Amino acid sequence: MENTMKLLKEKLKATGFKITPQRRAIIEVLIENENSHLSSEEIYDKVRVNCPEIGLATVYRTMQLLDDINGISKLNLDDGCIRYEINVEGEDTHHHHHLICKECGKIIEVKEDLLDDIERTIEKSYNFKIKNHDLKFYGICGDCLDAGKK
Ligand SMILES: [Zn+2]
Ligand SMILES: [Zn+2]
Ligand SMILES: [Zn+2]
């Protein structure tokens, strides 16, 4: 957590941006909610608790900035709302996969890549260097499956 903040600060500095108190507050919310995949509006609601003077436009701009410096990754669930998560390693870091429950909307992370063989095959067959992928599985989560049994 400390480390993530440090890495992001360095990234901001390297691209000529300053870490303002508002940007810091937004980054802290992202770090505290690491696995929550928050939308800009949800981030805004959480940041406002400690930073009531902040505006939604500042949140939008900061998310754009963090995206530009490869500090976050975006998750688009095709429901008209983009969710964000902190991902500081940069564009060379492989993204984890997401399981999305069609019943309750829960998002579960798959930490393992599991695609090494497929990637190697694609790279060979198509002469293409894979840098990342964005994989979403849609289905029904364990809780919803259990609830359906009752
Ligand atoms: Zn569910
Ligand atoms: Zn995620
Ligand atoms: Zn991969």
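In this predicted model, Val59 sits among quite a few partners: leaving aside residues up to four places away in sequence, Val59 touches Ile26, Ser40, Ile43, Tyr44, Val47 and Ile54. Several of these names come back in the largest nonpolar core, which has 17 residues. Within that core, the residues touching the most other members are Ile26, Val29, Leu30, Ile43, Val47, Val59 and Ile72. At least two core residues come from each of helix H1 (2–14), helix H2 (21–32), helix H3 (40–50), helix H4 (56–68) and strand E3 (82–86). H2 gives the largest share, with 5 residues. As a general backdrop, nonpolar side chains tend to be buried together in soluble globular proteins.

H3 is worth a look of its own. Its buried residues are Ile43, Tyr44, Lys46 and Val47, so the list takes in a lysine by the C-beta count used here, under which a residue with 20 or more other C-beta atoms within 10 Å is buried. The buried residues of H3 pack against H2, H4 and strand E1 (38–39).

E1 leads on to the sheets. One open sheet has 3 strands in the order E1-E3-E2, and its pairing is antiparallel. E1 and strand E2 (72–76) are the edge strands, each pairing on one side only. E1 and E3 run antiparallel and are joined by 2 bridges; across this pairing, Ser39 has Arg83 in E3 as its bridge partner.

On the other edge strand, E2, is Lys74. With 13 other C-beta atoms within 10 Å, Lys74 is partly exposed, since the buried class starts at 20 and the exposed class stops at 12. Not counting residues up to four places away in sequence, Lys74 touches Asp67, Ile82 and Tyr84. Lys74 and Leu38 are 36 residues apart in sequence, yet their C-alpha atoms are 9.7 Å apart in space.

Two loops hold backbone oddities. Most residues other than glycine have a negative phi. His37, which is not a glycine, nevertheless has a positive phi of about 50°. His37 lies in the loop between H2 and E1, and it counts as buried because it has 20 C-beta neighbours inside 10 Å. Asn70 is another non-glycine residue with a positive phi, here near 60°. Its place is the loop between H4 and E2. Asn70 has 16 C-beta neighbours inside 10 Å, so it counts as partly exposed.

A further open sheet has 3 strands in the order E5-E4-E6, this time with mixed pairing. Strand E5 (107–110) and strand E6 (136–139) stand at the edges; each has a single partner strand, so one side of each is left without a neighbour in the sheet. From one strand to the next, the twist averages 25°. Strand E4 (residues 97–101) pairs with E5 in the antiparallel sense over 4 bridges, and His98 stands opposite Glu109 in E5. The hairpin of E4 and E5 has 5 residues between the strands, and there Gly105 takes a positive phi near 80°.

Stepping back to the whole chain, the domain assignment gives domain 1 (1–92) and domain 2 (94–150). Taken over C-alpha atoms, the centres of domain 1 and domain 2 are 23 Å apart. The contact takes 7 residues from domain 1 and 7 residues from domain 2. On the side of domain 1 that touches domain 2, the residues divide into 2 nonpolar, 3 polar and 2 charged.

Note on methods
Residues numbered from 1 in each chain as written. Chains lettered and ligands numbered in written order. Predicted model: local features only at pLDDT ≥ 70, side-chain atom pairs only at ≥ 80, totals over all residues. Domains from an automatic or database assignment. Contact = placed C-beta atoms within 7 Å. Nonpolar A, V, L, I, M, F, W, Y, C, P; charged D, E, K, R; others polar. Core = buried A, V, L, I, M, F, W, Y, C linked by C-beta atoms within 7 Å. Pairing = 2+ DSSP bridges. Axes fitted to C-alpha atoms, helices over the stretch in contact; angles between N-to-C directions.
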